[in-house]
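User: I'm new to reading structures and would love a close look at one part of this one. Could you pick a spot, start small, and then walk me outwards from there?

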Amino acid sequence: MRTSELISRGKKSWEWAASHMAIINTIISENIAESPLKGLKLGLSLHITKETSVLIIALIRLGSKVSLCSANPLSVQEDIAAFLSSRGVKVYAWKDETKKEYFNNLSHVLSDRPQILTDDGSDLHVMAHNEKILGILGGTEETTSGIARLKALEKDAKLLYPVIGVNNANTKHLFDNRYGTGQSTLYGIIRLTNVLIAGKHIVVCGYGYVGKGVASRARGLGANVTVVEVDPVKAIEAYMEGYDVKRINQVVDMADIFITCTGQKNVITAQHFRRMKNGVILANAGHFDNEIDVKKLCVETDKNYTIKPYLDCFNIHGRKIYLLCRGRVVNLVGAEGNPPEVMAMSFANQLLSILYISRNHRKMQKKVYLVPEKIDLKIANLFLKHLGIKIDKLTQLQRKYARSY
Ligand SMILES: NC(=O)c1ccc[n+]([C@@H]2O[C@H](COP(=O)([O-])OP(=O)(O)OC[C@H]3O[C@@H](n4cnc5c(N)ncnc54)[C@H](O)[C@@H]3O)[C@@H](O)[C@H]2O)c1
């Protein structure tokens, strides 16, 4: 496709997403007069989707200069990358990057000397730390796995600048991780395979926010869902929600589809591949591509072939295992990522957190911060307002009662 056609398609997709993310526009309107990010250089590593373009255009409209790379080598939507590039964003990303290209693109973003870093998974933050990049005032992090890495840096007193863990805002993980990823993960699997979900036996590994969403959407489409967990409390939650709860070894030879949502590595390994049913489908919704041991799958099998992009068949002792998206996030590589309505709240958190850092970085320490409660509540109220939903307020008497003992 010609560049002009890509740009035009990207622009229309941006407009479509923006029309479902109205709260971002409200935040722009509230801040644009003072151009709060004027002259500030931002470096972002995010999945380059139409929803992300709404955040990026907002950041530009508030005055910043943006360098952008992808948070995953396979998740770039090229029309969006072309459109953002036409709007002056320095885009270092394309679909199907090799690992080397992916890391080179991260380092291009850092070479532009950004002052605030926004990341999804913390590859950019970790690179900035390893290379001791100077001049960074602060950063934000989008996802559970990225925050875990930053917390590890903080614990070892190695964090070099303050970071706001956007994932942990209520208006982020309760909706994006759960309802957004729940829907888009099933959509990714269906889009790539077109298999009927009704009647299938699906194993969901991990019953955190993502796992809860995935299990509920799989059940809603008629699947029999088994949950695999390591946390006893989460296991009870899944049990009381009516799911079958088992150890992975108890169901490994019975299930039709496995979906990993743990943020852990080696959840599905060679010992499991060897026992799986003929025709089993493997998908991952966690951030990194290490939840399914894909390297071992390649070693253990012969006569592998690709049915279509991101749907690969592995022959193992006469049985077929179908792997989606080479073990990378199925909702972003195999589909379009999370829906704009939930990304409106996630990216409102990003936008307001970036504004917060630009105004408050001098007072902040080298710590992983929660999104300030005021911001979280503001986003919830804005979202309700855009839905046209009004809720009650505590009376003075009730407020007093809540404070009494
Ligand atoms: N695909 C997306 O769009 C998307 C969106 C949000 C988060 N994520 C990613 O999804 C992953 C999960 O995120 P979350 O917010 O649900 O995290 P979470 O911490 O809420 O849940 C993870 C769950 O997995 C369980 N677990 C860990 N190791 C396990 C194992 N070996 N077997 C079974 N269960 C195990 C944990 O006990 C926990 O309950 C992370 O990598 C996160 O970054 C992806």
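Analyst:
**Starting from a pair of strands**

Strand β7 (residues 201-205) and strand β8 run parallel, and five bridges join them. Keep in mind as we go that this is a predicted model. To see the pairing for yourself, find Ile-202: the residue opposite it in β8 is Val-225. Now look at what surrounds β8 (residues 224-228): four of its five residues are buried, so the rest of the structure largely encloses this strand.

Let's zoom out a step. β7 and β8 belong to an open sheet of eight strands, and if you walk across it you pass β9, β8, β7, β10, β11, β14, β13 and β12, in that order. The pairing in this sheet is mixed. What happens at the edges, where β9 and β12 stand? β9 (244-245) and β12 (302-308) have a single partner strand each, so each has one side without a neighbour in the sheet.

Further along the walk you reach another parallel pair: β10 (residues 257-260) and β11 (residues 280-284), joined by four bridges. Here a handy pair to click on is Thr-260 and its bridge partner in β11, Asn-284.

Where does this sit in the chain as a whole? The domain assignment splits the chain into domain 1, covering 3-172 + 338-387, and domain 2, covering 178-333. Their centres, taken over C-alpha atoms, are 29 Å apart. The two do touch, with 13 residues of domain 1 in contact with 15 residues of domain 2. On the domain 1 side, α7 (144-155) and α15 (340-360) each supply at least two of the touching residues. With three residues, α7 gives the most to that side. Sort that side by class and you get five nonpolar residues, eight polar ones and no charged ones.

Next, the ligand. It has 29 residues around it, and the closest are Gly-206, Gly-208, Val-210, Gly-263 and His-287. Three helices give two or more residues to this shell: α7, α8 (170-193) and α9 (209-220). So α7 is a helix to remember, because it turns up both here and on the side of domain 1 that touches domain 2. Both domains take part in the shell around the ligand, each with at least three residues. Its make-up is ten nonpolar, 16 polar and three charged residues.

What about the inside? The largest nonpolar core has 64 residues, and Ile-24, Leu-68 and Ala-348 have the most contacts within it. Helix α15 gives the most to this core, with ten residues. Leu-68 is a nice one to explore: even without counting residues up to four places away in sequence, its contacts include Leu-44, Ile-48, Ile-56, Leu-84 and Val-109. There is also a second, separate core of 47 residues, with Ala-223, Val-252, Ile-281 and Ile-321 among them.

Right beside Leu-68 in the numbering is Cys-69, which lies in strand β2 (residues 65-70). Is Cys-69 buried or exposed? It takes 20 or more C-beta neighbours within 10 Å to be called buried, and Cys-69 has 29 of them, so it counts as buried. Setting aside neighbours within four places in sequence, its contacts include Ser-45, Tyr-92, Asn-105 and His-108. His-108 shows what folding does to distance: it is 39 residues from Cys-69 along the chain, yet their C-alpha atoms are separated by 8.4 Å.

For another buried example, go to Thr-52 in helix α3 (residues 50-61). Thr-52 has 28 C-beta neighbours inside 10 Å, so it counts as buried. Beyond four places in sequence, Thr-52 is in contact with Leu-46 and His-47. To Glu-300, though, it's quite a trip: 248 residues along the sequence and 38 Å through space, C-alpha to C-alpha.

One last stop is helix α6 (residues 123-130), where Asp-123, Leu-124, His-125 and Ala-128 are the buried residues. Among the elements covering them are β1 (41-46), α5 (99-111), β4 (116-119) and our old friend α7. After α6 comes Lys-132, which has a positive phi, near 50°.

Terms used. Residues are numbered from 1 along each chain as its sequence is written. This is a predicted model: local features need pLDDT of at least 70, side-chain atom pairs count only at pLDDT 80 or more; totals for chains, interfaces and linings use all residues. Domain bounds come from an automatic or database domain assignment. Two residues are in contact if their C-beta atoms, placed from the backbone, lie within 7 Å. Ala, Val, Leu, Ile, Met, Phe, Trp, Tyr, Cys and Pro count as nonpolar, Asp, Glu, Lys and Arg as charged, and the others, Gly among them, as polar. A nonpolar core is a set of buried Ala, Val, Leu, Ile, Met, Phe, Trp, Tyr and Cys residues joined through C-beta atoms within 7 Å. A residue is buried if 20 or more other C-beta atoms lie within 10 Å of its own, exposed if 12 or fewer, and partly exposed in between; C-beta atoms are placed from the backbone. A residue is near a molecule or strand if its C-beta atom, placed from the backbone, lies within 6 Å of it. Two strands pair if DSSP finds at least two bridges between them.
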